[in-house]
Amino acid sequence: MSSRLFRVNAYTCHSHFARTRELGVDAHLNTSFRLFVLLVDEFHLIGRKEMAPFEDLAAAILDDEKTCWTAVRCRRIEILIAAI
(Lines give C-alpha, C1' and ligand atoms only; values in the text may rest on other atoms or scores of the structure.)
Protein backbone atom coordinates (compact mmCIF):
# COMPACT_ATOMS: atom_id res chain seq x y z
CA MET A 1 0.00 0.00 0.00
CA SER A 2 2.84 2.41 0.79
CA SER A 3 4.40 1.73 -2.59
CA ARG A 4 1.15 2.60 -4.32
CA LEU A 5 0.80 5.84 -2.32
CA PHE A 6 4.35 6.74 -3.27
CA ARG A 7 3.58 6.17 -6.95
CA VAL A 8 0.45 8.34 -6.74
CA ASN A 9 2.41 11.09 -5.01
CA ALA A 10 5.21 10.84 -7.56
CA TYR A 11 2.75 10.91 -10.46
CA THR A 12 1.02 13.99 -9.06
CA CYS A 13 4.33 15.79 -8.56
CA HIS A 14 5.59 14.87 -12.01
CA SER A 15 2.51 15.23 -14.15
CA HIS A 16 0.38 17.84 -12.44
CA PHE A 17 2.78 20.12 -10.60
CA ALA A 18 2.19 23.05 -12.97
CA ARG A 19 -1.55 22.81 -12.37
CA THR A 20 -1.12 22.56 -8.59
CA ARG A 21 1.05 25.67 -8.74
CA GLU A 22 -1.67 27.51 -10.72
CA LEU A 23 -4.19 26.56 -8.06
CA GLY A 24 -1.83 27.65 -5.30
CA VAL A 25 -1.73 24.27 -3.61
CA ASP A 26 1.89 23.40 -4.45
CA ALA A 27 2.98 24.09 -0.86
CA HIS A 28 0.43 21.54 0.36
CA LEU A 29 1.68 18.99 -2.16
CA ASN A 30 5.28 19.60 -1.08
CA THR A 31 4.38 19.25 2.60
CA SER A 32 2.42 16.07 1.93
CA PHE A 33 5.34 14.55 0.04
CA ARG A 34 7.81 15.62 2.73
CA LEU A 35 5.75 14.05 5.52
CA PHE A 36 5.25 10.91 3.46
CA VAL A 37 9.01 10.55 2.87
CA LEU A 38 9.70 11.02 6.59
CA LEU A 39 7.07 8.40 7.51
CA VAL A 40 8.36 5.90 4.96
CA ASP A 41 11.94 6.38 6.13
CA GLU A 42 11.08 6.14 9.84
CA PHE A 43 9.28 2.81 9.51
CA HIS A 44 11.14 1.41 6.45
CA LEU A 45 7.90 1.01 4.50
CA ILE A 46 9.36 1.28 1.00
CA GLY A 47 12.60 -0.09 -0.36
CA ARG A 48 15.27 2.19 -1.83
CA LYS A 49 14.72 0.64 -5.27
CA GLU A 50 11.13 1.88 -5.38
CA MET A 51 12.12 5.37 -4.26
CA ALA A 52 14.84 5.64 -6.92
CA PRO A 53 12.98 8.16 -9.15
CA PHE A 54 12.88 10.66 -6.28
CA GLU A 55 16.05 9.56 -4.50
CA ASP A 56 17.73 12.98 -4.69
CA LEU A 57 14.65 14.78 -3.39
CA ALA A 58 14.08 12.23 -0.63
CA ALA A 59 17.74 12.48 0.42
CA ALA A 60 17.48 16.26 0.60
CA ILE A 61 14.32 16.03 2.71
CA LEU A 62 15.91 13.54 5.09
CA ASP A 63 19.17 15.51 5.38
CA ASP A 64 17.23 18.70 6.07
CA GLU A 65 15.17 16.97 8.76
CA LYS A 66 18.29 15.61 10.47
CA THR A 67 19.88 19.07 10.34
CA CYS A 68 16.76 20.64 11.87
CA TRP A 69 16.63 18.11 14.70
CA THR A 70 20.34 18.51 15.37
CA ALA A 71 19.92 22.28 15.58
CA VAL A 72 16.99 21.90 18.00
CA ARG A 73 18.94 19.52 20.20
CA CYS A 74 22.00 21.80 20.19
CA ARG A 75 19.84 24.77 21.15
CA ARG A 76 18.26 22.83 24.00
CA ILE A 77 21.71 21.87 25.28
CA GLU A 78 22.84 25.51 25.10
CA ILE A 79 19.80 26.56 27.11
CA LEU A 80 20.44 23.89 29.74
CA ILE A 81 24.11 24.85 30.05
CA ALA A 82 23.23 28.54 30.35
CA ALA A 83 20.81 27.70 33.16
CA ILE A 84 23.59 26.04 35.18
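Let's start with Leu-39. Buried or exposed? Neither: Leu-39 counts as partly exposed, because its relative accessibility is 40%, and that class sits between under 20% for buried and over 50% for exposed. Keep in mind that this is a predicted model.

Where is Leu-39? In helix 2, which covers residues 26-43. Leu-39 also belongs to a nonpolar patch on the surface, together with Phe-43 and Leu-45. That patch comes to about 290 Å².

Now helix 1, residues 2-23. Count 22 residues here. A straight helix, at 1.5 Å a residue, would reach 32 Å. The end C-alpha atoms of helix 1 are only 27 Å apart. So look at the path of the helix. Where is the kink centred? On His-16, with an angle of about 80°.

Next, the buried side of the story. Helix 1 has these buried residues: Ser-2, Ser-3, Phe-6, Asn-9, Ala-10, Cys-13 and Thr-20. What do they pack against? Helix 2.

Take one of them, Thr-20, in helix 1. Its relative accessibility is 11%, so Thr-20 counts as buried; the cut-off is under 20%. Which residues does Thr-20 touch, leaving aside neighbours within four places in sequence? Val-25, Asp-26 and Leu-29.

Last stop: the residue just after helix 1. That is Gly-24. Its phi is positive, about 80°.

To recap: helix 1 has a kink centred on His-16, its buried residues pack against helix 2, and Leu-39 of helix 2 helps make a nonpolar surface patch. Thanks, everyone.

Conventions:
Residues are numbered from 1 along each chain as its sequence is written. This is a predicted model: local features need pLDDT of at least 70, side-chain atom pairs count only at pLDDT 80 or more; totals for chains, interfaces and linings use all residues. Side-chain values use heavy atoms; hydrogens and water are left out. Patches are made of residues with over 30% relative accessible area and no salt bridge: like charges are joined within 9 Å, nonpolar side chains (Val, Leu, Ile, Met, Phe, Trp, Tyr) within 5 Å. Accessible areas come from the Shrake-Rupley method with a 1.4 Å probe; for residues, only the protein chains shown count as cover. A salt bridge is a side-chain nitrogen of Lys or Arg within 4 Å of a carboxyl oxygen of Asp or Glu. Helices (H or I, at least four residues) and strands (E, at least two) are DSSP runs, numbered from the N terminus. Buried means under 20% relative accessible area, exposed over 50%, partly exposed in between (1.4 Å probe, protein chains only). The expected span of a helix is 1.5 Å times one less than its number of residues. The bend at a residue is the angle between axes fitted to the seven residues ending there and the seven starting there. Contact means heavy atoms within 4.5 Å.
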